[in-house]
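Here are a few short exercises to work through with the coordinates open in your viewer. Try each task before you read its solution.

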Amino acid sequence: MAKLEVQNVSAGYHGRSVLRDMDLEYGAGIHVLLGPNGAGKTTTFRVLAGILAPFKGSVLVDGADPHIHTEIKSLIALATHRSALAPRLSVVDNLRYWARVLGLPPGHSEERIAEVLHLLGLTDLADRRIGSLSRGQNQRAGLAKAFLGQPAILLLDEPMSGLDPSTTDQLINHLRKLADEGHTVVVSTHALADAYRFADDVTVLQDGRIVGRGEPAALRTALLGTAYRLRIRGSGDIPAVLDRLGHHYEQQQQGAVIVEVPDEEAAERLVADLVSEGIGVREVVPARNPLEDVYQQLQTESTASDAT
């Protein structure tokens with residue numbers, strides 16, 4: 001297990017700050033970075049990986065700064081949108097090269113390469129040149145490289161992008177296994193349903209600052225309050241009854257309505273009131289998962305900020 005710390009970090013490019021006053025501490029588990037485009041997720045990964053030096057503050061891996069003690073970088077693997085693999089070499093030859101760079105024992109490296117090729121659904125593409133792959137295939141090859149040395153810290157920038165559902169499920173299961181074994185896994189994603197499914201905690205970035213962190217449902221409460229948005233379907237004139245009961249609502253297609261209530265107790269009372277008013281309630285579900293509420297709010301605030 002490796003401990004990853006970020007202490008009062010500000011960083012960016014050409015003197016312009018992208019990250020501001022960032023403090024983080026990550027241990028074993030799956031940690032998700034969430035934020036709108038331009039929030040600073042990719043810059044965060046570059047700083048954590050020891051690629052982009054911060055203007056101020058420090059990054060520590062087990063107490064050592066990879067920007068100063070470069071040997072510490074061997075504990076970290078970064079997978080970005082583009083794999084940075086040699087385009088004229090095949091997938092398997094690229095992985096063989098990196099196995100040597102990582103110092104994998106010759107007798108073990110071929111076995112390990114076969115494992116990561118299978119994990120990412122690349123076995124049939126092993127002899128294809130990187131330059132001939134699609135963007136999604138190229139990204140999978142980059143993930144295979146990141147997994148090769150089984151590093152203590154994995155930094156994965158949008159790793160599910162371009163993956164089919166089966167490979168996504170396989171990847172999530174693998175990340176869960178690594179986290180349970182003590183690895184620190186940091187993932188950025190726009191796939192909010194996936195994040196809600198596998199995240200141990202979520203760090204929310206907006207305009208280069210951390211605006212929240214926590215378990216998904218608790219984070220939503222901290223940022224947005226305890227209100228619940230419910231999608232209700234049933235027989236009868238639901239809007240008319242909601243009007244009589246004094247509830248505001250949004251109508252959707254196929255007869256569904258969205259109603260916001262302050263808490264779970266209020267949700268139970270609302271369902272009971274609808275039934276007593278003669279509504280045949282067929283479905284009451286959250287309008288979206290907790291992360292979607294947070295993300296929508298961030299998008300709204302980001303748009304409003306850009307307009308001013």
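A residue counts as buried when its relative accessible area is under 20%, and as exposed when that area is over 50%, with partly exposed in between. Keep in mind that this is a predicted model.

**Exercise 1. Strand β3**

Task: work out how β3 is covered on its two faces, and find the strands that pair with β3.

Solution. Start with the count: β3 spans residues 29-34, and six of its six residues are buried. Next, split the strand by face, since in a regular strand the side chains alternate between the two faces of the sheet. One side of β3 carries G29, H31 and L33, the other carries I30, V32 and L34, and all of these are buried. Both faces of β3 are therefore covered.

Now for the neighbours. β7 (residues 184-188) runs parallel to β3, and five bridges join the two. If you want a place to look, I30 stands opposite V185 in β7. The pairing with β8 (residues 201-206) is parallel too, over four bridges. Here V32 has V202 of β8 as its bridge partner.

**Exercise 2. Helix α1**

Task: decide whether α1 is largely enclosed or largely open to the outside.

Solution. Go through residues 41-48 and pick out the buried ones: K41, T43, T44, F45, V47 and L48. That makes six of the eight residues of α1, so the helix is largely enclosed by the rest of the structure. Then step just past the end of α1, where G50 takes a positive phi of about 80°.

**Exercise 3. W98 and its company**

Task: classify the ring pair of Y97 and W98, then find the charge that sits over the ring of W98.

Solution. A pair of aromatic rings is described by the distance of the centres and the angle of the planes. To count as a pair, the centres must lie within 6.5 Å, and planes over 60 degrees apart make the pair edge-to-face. The model has one aromatic pair by this rule. For Y97 and W98 the centres are 5.4 Å apart and the planes meet at 80°, so the pair is edge-to-face.

Check exposure next. Y97 has a relative accessible area of 41% and W98 one of 23%. Y97 is thus partly exposed, and W98 is partly exposed as well. Finally, the charge: it belongs to K145, whose charged end sits over the W98 ring, 4.0 Å from the ring centre.

**Exercise 4. Pocket and cavity**

Task: describe the lining of the largest pocket, then that of the largest cavity.

Solution. Take the pocket first. Its volume is about 590 Å³, and 22 residues line it, with K73, I76, A77, L78 and K145 nearest its centre. By class, the pocket lining has 14 nonpolar, five polar and three charged residues. β5, α2 (91-101) and α4 (135-148) each supply at least two lining residues, and β5 gives the most, with four.

Move on to the cavity. There is one cavity of 30 Å³ or more, and the largest holds about 30 Å³ of space. Its lining consists of R112, F147, Q150, P151, L154, L178 and H183. Sorted by class, that is four nonpolar, two polar and one charged.

**Exercise 5. E71**

Task: place E71 in the fold and say whether it is buried or exposed.

Solution. E71 is in the loop between β4 (56-61) and β5 (76-79). Its relative accessible area is 53%, so E71 is exposed.

Methods
Residues numbered from 1 in each chain as written. Predicted model: local features only at pLDDT ≥ 70, side-chain atom pairs only at ≥ 80, totals over all residues. Heavy atoms only, no water. Buried < 20%, exposed > 50% of the residue type's maximum accessible area, 1.4 Å probe, protein only. Phe/Tyr/Trp six-rings, centres within 6.5 Å; stacked < 30°, edge-to-face > 60°. Lys NZ or Arg CZ within 6 Å of the ring centre and 35° of its normal. 1 Å grid on protein atoms, 1.4 Å probe; cavity = no way out; pocket = protein on both sides within 12 Å on 5 of 7 lines; lining within 4 Å. Points joined across faces, edges and corners; volume = space filled by probe spheres on them. Nonpolar A, V, L, I, M, F, W, Y, C, P; charged D, E, K, R; others polar. Pairing = 2+ DSSP bridges.
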